[in-house]
Amino acid sequence: MPELPEVETMCRGIAHLAGLRIASAHFPRGTVRPIRVEPSAGAVAKRLAGRTIVGVGRFGKRVAIELAPRGRAGPEWLVIEPRMTGLMLVADPPTTGHVRMEITFDRARAPRLLFWDRRGLGTIRLLDRRGLDAACGETVLGPDGLVITTAALRDRLGRSRRAVKVALLDQRAVAGIGNIYAAEILHAAGVDPRAACRRLSAECWERIAAAGREILADAVRLEGSTIGDETYQTADRRPGRYQTRHRVYGRAGQPCGGCGQPITRLVQAQRSTFYCGGCQWRPRRRYRSV
DNA sequence: CATATGTCCTGAGAGC
DNA sequence: TGCTCTCAGGACATAT
């Protein structure tokens with residue numbers, strides 16, 4: 001579920017925990033198999049106890065909670081990857097059985113911080129500076145979607161033979177775009193999701209970059225998209241509101257708001273793609289740049 | 001049975 | 001031919 005806007009909303013929803021000192025961390029093993037915790041649940045719990053939260057940041061679709069140095073240890077980061085159904089919560093969870101991490105603080109009336117994950121595909125890692133760079137540095141993640149530029153897109157994808165929609169999901173090219181926002185961005189840019197990257201003109205990349213920045217920023221402003229099974233919620237358990245702005249995602253068969261032609265669904269790289277055949281243009285030949 | 005917002009891995013095939 | 005790129009498929013686990 002969570003793409004850049006949802007993860008950014010989670011980060012903002014727990015940012016007020018900065019300055020608090022962790023009393024304890026637990027990684028419950030209920031009836032379900034525990035999620036991946038590195039180096040191990042026991043080791044992470046031990047190293048978290050007594051640490052102060054410095055701040056909360058985001059790397060692509062990952063939450064990074066920075067912990068103050070202690071003793072000989074330098075700063076460390078608790079990096080949480082929500083994947084499909086993970087949520088950061090400071091409220092009661094939707095179900096108690098899927099709480100994967102619970103952090104308590106040593107100040108009275110401070111909330112608990114939970115990581116809740118129904119499917120359990122999410123991961124939690126405690127990393128030092130080198131580990132953080134290996135897991136979230138620029139060899140793994142491209143520039144953030146909120147600040148993506150035409151030049152960065154052309155440089156990273158301009159010679160690729162991949163379909164542009166599949167390429168936008170590559171986190172090394174741009175960090176933070178997932179299946180929903182890839183569809184919305186290409187619709188706003190008027191580019192066919194099946195178009196090969198290397199056939200796109202400079203102007204197409206310009207429109208994709210601009211649509212990307214704008215749509216992701218709007219979605220952050222509306223606190224992300226809550227769709228389908230309504231799994232995604234803010235840290236205090238309110239739904240997002242950007243789903244009301246979706247123009248193509250999940251709208252197969254419905255008329256396009258721009259041209260009235262029905263929205264098409266197809267499968268690319270085993271994932272649903274939604275687009276409008278009327279207003280999303282596909283180059284038939286190699287495009288000569290201006 | 002098919003569907004689902006993400007990522008990681010392997011292996012086959014395409015194409016320069 | 002060799003190398004690189006790309007994608008299909010499966011895995012992870014749970015629910016509708």
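## Two domains and their salt bridges

The model is predicted. In it, the C-alpha centres of domain 1 and domain 2 lie 30 Å apart.

Trainee: Into which domains is chain A divided, and where do they run?

Mentor: There are two domains to find along chain A. Domain 2 comes in two pieces of sequence, written with a plus sign. The bounds are 4–136 for domain 1 and 150–227 + 238–275 for domain 2.

Trainee: How many residues of domain 1 and of domain 2 are in contact?

Mentor: Contact here means heavy atoms within 4.5 Å. Count each side by that rule. Domain 1 gives eight residues, and domain 2 gives 12.

Trainee: What area do domain 1 and domain 2 bury between them?

Mentor: Look at the atoms first. Carbon and sulfur atoms carry 66% of the buried area. On the side of domain 1 that touches domain 2, the residues are two nonpolar, two polar and four charged. The buried area is about 800 Å².

Trainee: How many salt bridges does the rule find across the interface of domain 1 and domain 2?

Mentor: Side chains of opposite charge can pair when their charged atoms come close. Across this interface the rule finds four residue pairs in polar contact. For salt bridges, the count across the interface of domain 1 and domain 2 is zero.

Trainee: How many salt bridges does the count come to by this rule?

Mentor: The rule asks for a side-chain nitrogen of Lys or Arg within 4 Å of a carboxyl oxygen of Asp or Glu. One of the pairs is glutamate 76 with arginine 51, at 2.8 Å from N to O. By this rule the count comes to 20.

Trainee: How many residues apart in sequence are the parts that glutamate 76 and arginine 51 tie together?

Mentor: Place each partner. Glutamate 76 is in strand β5, while arginine 51 is in the loop between α2 and β3. The pair therefore ties together parts of the chain whose separation in sequence is 25 residues.

Trainee: Is arginine 51 buried or exposed?

Mentor: Buried means under 20% relative accessible area. Its partner glutamate 76 has 7% and counts as buried. Arginine 51 has 3%, so the word for arginine 51 is buried.

Trainee: Which residue forms a salt bridge with arginine 58?

Mentor: Arginine 58 lies in strand β3, and the partner lies in the loop between α3 and α4. Arginine 58 is buried at 16%, and the partner is buried at 18%. The closest N and O atoms are 2.8 Å apart, and the partner is aspartate 144.

Trainee: Which residues do shared salt-bridge partners join into one network?

Mentor: Start from arginine 58 and aspartate 144, which form a salt bridge. Salt bridges that share partners extend the group to four names. The network is Glu8, Arg12, Arg58 and Asp144.

Trainee: In which helix do arginine 221 and aspartate 218 lie?

Mentor: Their side chains meet in a salt bridge, at 3.3 Å from N to O. Aspartate 218 is partly exposed at 22%. The two are three residues apart, about one helical turn, in helix α7.

Trainee: Which residues does serine 160 touch, not counting residues up to four places away in sequence?

Mentor: Serine 160 sits in the loop between α4 and α5. Serine 160 is buried, at 15% relative accessibility. Its side chain reaches the backbone nitrogen of arginine 162 at 3.0 Å. With residues up to four places away left out, serine 160 touches Cys197 and Arg198.

Notes. Residues are numbered from 1 along each chain as its sequence is written. Chains are lettered from A and ligands numbered from 1 in the order in which they are written. This is a predicted model: local features need pLDDT of at least 70, side-chain atom pairs count only at pLDDT 80 or more; totals for chains, interfaces and linings use all residues. Side-chain values use heavy atoms; hydrogens and water are left out. Domain bounds come from an automatic or database domain assignment. Buried area is the accessible area (1.4 Å probe) that two parts lose on being put together, summed over both. A polar contact is a pair of N or O atoms within 3.5 Å; within protein, one must be able to donate a hydrogen and the other to accept it, and residues adjacent in sequence count only if both atoms are side-chain atoms. Ala, Val, Leu, Ile, Met, Phe, Trp, Tyr, Cys and Pro count as nonpolar, Asp, Glu, Lys and Arg as charged, and the others, Gly among them, as polar. Helices (H or I, at least four residues) and strands (E, at least two) are DSSP runs, numbered from the N terminus. Buried means under 20% relative accessible area, exposed over 50%, partly exposed in between (1.4 Å probe, protein chains only).
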